[in-house]
Amino acid sequence: MTEPLIEFKNVTKRFGDRTILDRVNLKIYEGEVATIIGKSGSGKSVLLKQLTGLLKPDEGDVFFRGQPLAGMRRKEWHAYLGQISYMFQHNALFDSLSVFDNVALPLRGKARYRLL
Ligand SMILES: Nc1ncnc2c1ncn2[C@@H]1O[C@H](COP(=O)(O)OP(=O)(O)O)[C@@H](O)[C@H]1O
Ligand SMILES: [Mg+2]
């Protein structure tokens, strides 16, 4: 079976005594479109922030192509981040571009990544 592009294994995230993510397991495969749905405050942004290193799990690990983010060296981490694009919810889009082109903008700046 192919390796997931992104995998969360038993990821737990707490703020003080509040547990926001409780042993989350998730696999997303290359080419898959995934949607995370939940009511406001349920932890969707906290989940996504673990992918960019804005937040780190208290327990568990996040993997990219089988490699734990926590174990990446500086160079690997920057190469990984160069493949991630993150769009904020409010007022952070260029209105002259499509949603796709907004998301693609930082990636297009790096000639190494080929986009549709
Ligand atoms: N840096 C933080 N410090 C403390 N609590 C936080 C922090 N970030 C998020 N939270 C709390 O975590 C919960 C989930 O937040 P969030 O992931 O932003 O929800 P949403 O599903 O709406 O994106 C909320 O109760 C929020 O108040
Ligand atoms: Mg959110």
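# Reading charges, strands and core

Reader: Let's start with Arg23. At 54% relative accessibility, does it count as buried or exposed?

Author: Arg23 counts as exposed, because the cut-off for that label is over 50% and its relative accessibility is 54%. Keep in mind that this is a predicted model.

Reader: Which residue does Arg23 form a salt bridge with?

Author: The general idea comes first: side chains of opposite charge can pair when their charged atoms come close. Here Arg23 pairs with Asp22, and their closest N and O atoms are 3.0 Å apart. Asp22, at 47%, is partly exposed.

Reader: How many salt bridges does the structure hold?

Author: There are 3. Another one joins Arg65 and Glu30, again with 3.0 Å between the closest N and O atoms. This pair links distant parts of the chain: Arg65 sits in the loop between β3 and β4, Glu30 in the loop between β2 and α1, and 35 residues separate them. Arg65 is partly exposed at 41%, while Glu30 is exposed at 56%.

Reader: And which side chains meet in a salt bridge at 2.9 Å, N to O?

Author: Those are Glu59 and Arg14. Look at where they sit: Glu59 is in strand β3 and Arg14 in strand β1, 45 residues apart, so to speak a link between distant parts of the chain. Both are partly exposed, with 38% for Glu59 and 32% for Arg14.

Reader: Since strands came up, in what order do the strands of the sheet run?

Author: Strands of a sheet pair through backbone hydrogen bonds, either parallel or antiparallel. In this model, 4 strands make an open sheet in the order β2-β1-β3-β4, with antiparallel pairing. The edges belong to β2 and β4; each has a single partner strand, so one side of each has no neighbour in the sheet.

Reader: Over how many bridges do β1 and β2 pair?

Author: Follow the two strands and you get 7 bridges, in the antiparallel sense. For a landmark, take Ile6, which stands opposite Ile28 in β2.

Reader: Which strands does α1 lie across?

Author: Helix α1 lies across β1, β2 and β3, and runs at about 120° to β1.

Reader: Now the nonpolar side. Which residues have the most contacts inside the largest nonpolar core?

Author: Ile6, Phe8 and Phe64 do, in a core of 16 residues. The elements giving two or more residues to this core are β1, β2, α1 and β3. Ile6 is the residue we just met opposite Ile28.

Reader: What does Phe64 touch, not counting residues up to four places away in sequence?

Author: Put Phe64 on screen and look for Leu5, Ile6, Leu69, Met72, Tyr80 and Gln83.

Reader: One polar residue to finish. Is Asn102 buried or exposed?

Author: Asn102 is in helix α3, residues 99-108. It is buried, because the label asks for under 20% and Asn102 has a relative accessible area of 5%.

Reader: Which backbone oxygen lies 3.3 Å from a polar atom of the Asn102 side chain?

Author: That of Leu97. Leu97 also shows up among the contacts of Asn102: leaving aside neighbours within four places in sequence, these are Met87, Leu93, Phe94 and Leu97. Compare that with the salt-bridge residue Arg23 from the start, which is exposed at 54%.

Notes
Residues numbered from 1 in each chain as written. Chains lettered and ligands numbered in written order. Predicted model: local features only at pLDDT ≥ 70, side-chain atom pairs only at ≥ 80, totals over all residues. Heavy atoms only, no water. Salt bridge = Lys/Arg side-chain N within 4 Å of Asp/Glu carboxyl O. Buried < 20%, exposed > 50% of the residue type's maximum accessible area, 1.4 Å probe, protein only. Polar contact = N/O pair within 3.5 Å; in protein donor to acceptor, adjacent residues only side chain to side chain. Contact = heavy atoms within 4.5 Å. Pairing = 2+ DSSP bridges. Axes fitted to C-alpha atoms, helices over the stretch in contact; angles between N-to-C directions. Core = buried A, V, L, I, M, F, W, Y, C linked by side-chain atoms within 4.5 Å.
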